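Q: I have a structure open and would like to learn how to read it feature by feature. Could you walk me through it?

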Amino acid sequence: MEVSFLVSAGRPDFPLDLAARSLVDGDRIAIHSDHAQIVAIVKDEPSARPGVVSIAHAWGDLPSENVDVVTHGSSTNRFIRTDRDTNPLNPMPRMSAIPVSIVSLPYR
């Protein structure tokens with residue numbers, strides 16, 4: 001099961017899509033960009049728009065670490081490449097509207 005979404009700010013939230021994808025609060029999912037993937041925990045958010053994954057940036061482990069998502073969160077920095085996904089006028093990285101797909105993981 002794989003579905004395309006966008007990443008904005010907050011936790012992974014896509015309530016109108018949850019039932020269609022057999023996902024519930026607490027499920028673990030893998031979120032993939034064209035550069036990397038992170039593991040996240042599903043949290044229902046009724047105000048989220050369909051087809052949008054919302055996840056806060058500036059949390060999680062460093063790329064060289066692999067810590068538990070429950071205790072440390074997931075680093076959305078992994079979704080981008082700094083040599084490609086930065087503003088040419090300043091070094092600000094792209095942190096929104098990143099095309100991603102999700103895959104349900106086999107455990108909760």
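Q: Let's start with the surface: what area does the protein chain expose, and what share of it do carbon and sulfur atoms supply?
A: This is a predicted model, so every value here is computed from predicted coordinates. The protein chain exposes about 6,500 Å², and 55% of that area comes from carbon and sulfur atoms. As for cover, 36% of the 108 residues count as buried.

Q: How many helices and strands does the protein chain have, and in what order do the elements run?
A: There are two helices and five strands. Reading from the N terminus, the order is β-α-β-β-β-α-β. It also helps to ask how far along the sequence the contacts reach. Taking contacts between residues at least 6 apart in sequence, 66% join residues at least 24 apart.

Q: Which strands does β2 pair with, and in which direction do they run?
A: Strand pairing is read from bridges, so let's follow them outwards from β2. β2 and β3 run antiparallel and are joined by five bridges. One pair to look up is Ala30 with its bridge partner Val39 in β3. The connection between β2 and β3 is a hairpin of four residues. β2 also runs antiparallel to β5, with four bridges between them. Here you can look up His32, whose bridge partner in β5 is Ser101.

Q: Is β2 mostly covered or mostly open?
A: Mostly covered: four of the five residues in β2 are buried.

Q: Which residues have the most contacts inside the largest nonpolar core?
A: The general idea first: in soluble globular proteins, nonpolar side chains tend to be buried together. In this model, the largest nonpolar core has 15 residues. Leu23, Ile29, Ile31, Phe79 and Ile102 have the most contacts inside this core. The elements that give two or more residues to the core are β2 (28–32), β3 (37–41) and β5 (98–104). Of the elements, β5 gives the most, with three residues.

Q: How many salt bridges are there, and what does the one between Asp68 and Arg28 look like?
A: The count comes to five salt bridges. When reading one, check the distance, then where each partner sits, then how exposed each is. For Asp68 and Arg28, the closest N and O atoms are 3.6 Å apart. Asp68 lies in the loop between β4 (52–54) and α2 (69–72), while Arg28 is in strand β2, so the pair ties together parts that are 40 residues apart in sequence. Asp68 is partly exposed, with a relative accessible area of 37%, whereas Arg28 is buried at 16%.

Q: Which residues are linked in a network of salt bridges?
A: Asp34, Arg84 and Asp85 form that network. To read a network, take the links in turn. Asp34 and Arg84 meet in a salt bridge at 2.9 Å, N to O. This pair links distant parts of the chain: Asp34 is in the loop between β2 and β3, Arg84 is in the loop between α2 and β5, and they are 50 residues apart. Arg84 also forms a salt bridge with Asp85, at 3.0 Å, N to O.

Q: Are the members of that network buried or exposed?
A: Let's take the members one by one. Asp34 counts as exposed, at 61% relative accessibility. Arg84 counts as partly exposed, at 35%. Asp85 counts as buried, at 11%.

Q: Where does Asp27 lie, and what does its side chain reach?
A: For a polar residue, look at cover and partners together. Asp27 lies in the loop between α1 (15–18) and β2. With a relative accessibility of 4%, Asp27 counts as buried. The side chain of Asp27 reaches the backbone nitrogen of Val24 at 2.9 Å.

Q: What is the backbone phi of Ala97?
A: Phi is a backbone torsion, and its sign is a handy thing to scan for. Phi of Ala97 is near 55°, a positive value in a residue other than glycine. Ala97 lies in the loop between α2 and β5. At 41% relative accessibility, Ala97 counts as partly exposed.

Technical notes: Residues numbered from 1 in each chain as written. Predicted model: local features only at pLDDT ≥ 70, side-chain atom pairs only at ≥ 80, totals over all residues. Heavy atoms only, no water. Core = buried A, V, L, I, M, F, W, Y, C linked by side-chain atoms within 4.5 Å. Buried < 20%, exposed > 50% of the residue type's maximum accessible area, 1.4 Å probe, protein only. Salt bridge = Lys/Arg side-chain N within 4 Å of Asp/Glu carboxyl O. Pairing = 2+ DSSP bridges. Contact = heavy atoms within 4.5 Å. Areas by Shrake-Rupley, 256 points an atom, 1.4 Å probe, with all protein chains shown as cover. Polar contact = N/O pair within 3.5 Å; in protein donor to acceptor, adjacent residues only side chain to side chain.
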